[in-house]
Amino acid sequence: MSTLHVENLKGLSSGGNANKIIVPSGQTIDASAGTLTPSVGQVVQETFTKGNTNGTSSGSAWVNSVIVGSITPKFSNSIIRLFATSAVWRTSGSGYFGVRVVCSGGNTNTVATWGDGYYTGGGANCWDTPYQCEFVGGSTSSITCTFQFHPNGVGMWFPNNGPTHSPDHRWTIKLTEIKQ
């Protein structure tokens with residue numbers, strides 16, 4: 001095997017394939033032993049976690065939920081995009097409930113807070129809720145994102161505990177690192 005040492009590869013500046021470097025059909029560039037540096041805006045990696053555990057409270061303080069996801073950014077200035085879903089169950093009663101994401105490890109901030117959950121009516125109710133936010137990773141150390149909920153004195157399951165159909169996805173969380 002021969003090795004070619006270069007700092008830059010540059011295609012021809014004219015012709016039908018101007019400014020292109022073409023890898024012919026049937027050939028592969030193998031960078032598995034090296035590192036490819038992504039461009040700004042490209043996805044670097046994703047993590048996905050799901051669970052069928054649940055949590056409940058009727059208190060008046062923030063409570064850690066079972067919805068937890070982690071990612072170890074490759075670049076400290078990357079944007080971390082979070083997308084999560086959870087079935088929320090609420091007993092009848094007035095009062096807003098809150099949901100927030102608190103990070104530990106590389107990023108130690110509360111990265112998002114939602115305070116507009118509300119249900120009042122003639123009985124308990126359950127619904128699926130998507131949550132999305134973005135934040136700067138701030139480090140190349142592992143970041144753990146934990147959802148917390150604030151029942152505001154009204155009974156709440158986050159996520160719900162319904163046994164019908166033996167669910168294995170009561171909640172999901174996906175963390176995507178995007179190069180900046």
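These legends go with close-up views of a predicted model.

**View 1. A four-stranded open sheet.**
Here we're looking at 4 strands in the order 3-8-5-6, paired antiparallel in an open sheet. Strand 3 (63–71) and strand 6 (110–117) sit at the edges with a single partner strand each, so one side of each has no neighbour in the sheet. On average, neighbouring strands in this sheet are turned by 20° against each other, ignoring direction. As a reminder, strands of a sheet pair through backbone hydrogen bonds, and they can do that parallel or antiparallel.

**View 2. Where strand 3 meets strand 8.**
Strand 3 and strand 8 (residues 143–150) run antiparallel and are joined by 6 bridges. To find your place, start at Val 63: its bridge partner in strand 8 is Phe 149. Phe 149 also turns up in the aromatic cluster of the next view, together with Trp 114, Tyr 131, Phe 147 and Phe 158.

**View 3. A cluster of rings.**
The structure has 6 aromatic pairs. One of them is Phe 147 with Phe 158, a tilted pair at 6.5 Å centre to centre and 35° between the planes. Phe 147 belongs to strand 8, while Phe 158 is in the loop between strand 9 (156–157) and strand 10 (171–178), 11 residues away along the chain. Are these two rings buried or exposed? Phe 147 has 0% relative accessibility, so it counts as buried. Phe 158 is buried too, again with 0%. Ring pairs link Phe 147 and Phe 158 with Trp 114, Tyr 131 and Phe 149 into a cluster.

**View 4. Strand 4 and its partners.**
Strand 4 (residues 79–90) pairs antiparallel with strand 7 (residues 125–136), and 12 bridges hold that pairing. A handy landmark here is Trp 89, which stands opposite Cys 126 in strand 7. Strand 4 is also joined to strand 10, antiparallel, by 8 bridges; Ile 80 has Glu 177 of strand 10 as its bridge partner. Strand 9 pairs with strand 4 as well, antiparallel over 2 bridges, and there Arg 90 is partnered by Met 156.

**View 5. The salt bridge between strands 4 and 7.**
By the rule used here, the model has 2 salt bridges. In this one, Glu 134 meets Arg 81, with the closest N and O atoms 2.6 Å apart. Glu 134 is in strand 7 and Arg 81 in strand 4, so the pair ties together parts that are 53 residues apart in sequence. Glu 134 is partly exposed, at 43% relative accessible area, and Arg 81 is partly exposed at 41%.

**View 6. The salt bridge between strands 1 and 10.**
Glu 46 forms a salt bridge with Lys 174, and the closest N and O atoms are 3.9 Å apart. Since Glu 46 lies in strand 1 and Lys 174 in strand 10, the pair ties together parts 128 residues apart in sequence. Glu 46 counts as partly exposed at 45% relative accessibility, and Lys 174 counts as partly exposed at 31%.

**View 7. A nonpolar patch on the surface.**
Which residues make up this patch? Leu 4, Val 6, Leu 9 and Ile 21 do, with about 440 Å² of accessible area together. Leu 4 is in the segment before strand 1 (43–51). With a relative accessible area of 68%, Leu 4 is over the 50% cut-off, so it counts as exposed.

How values were computed:
Residues are numbered from 1 along each chain as its sequence is written. This is a predicted model: local features need pLDDT of at least 70, side-chain atom pairs count only at pLDDT 80 or more; totals for chains, interfaces and linings use all residues. Side-chain values use heavy atoms; hydrogens and water are left out. Two strands pair if DSSP finds at least two bridges between them. Axes are lines fitted to C-alpha atoms, for helices over the stretch in contact, and angles run from 0 to 180 degrees between N-to-C directions. Patches are made of residues with over 30% relative accessible area and no salt bridge: like charges are joined within 9 Å, nonpolar side chains (Val, Leu, Ile, Met, Phe, Trp, Tyr) within 5 Å. Accessible areas come from the Shrake-Rupley method with a 1.4 Å probe; for residues, only the protein chains shown count as cover. A salt bridge is a side-chain nitrogen of Lys or Arg within 4 Å of a carboxyl oxygen of Asp or Glu. Buried means under 20% relative accessible area, exposed over 50%, partly exposed in between (1.4 Å probe, protein chains only). Rings of Phe, Tyr and Trp (its six-membered ring) pair if their centres lie within 6.5 Å; planes under 30 degrees apart count as stacked, over 60 as edge-to-face and the rest as tilted.
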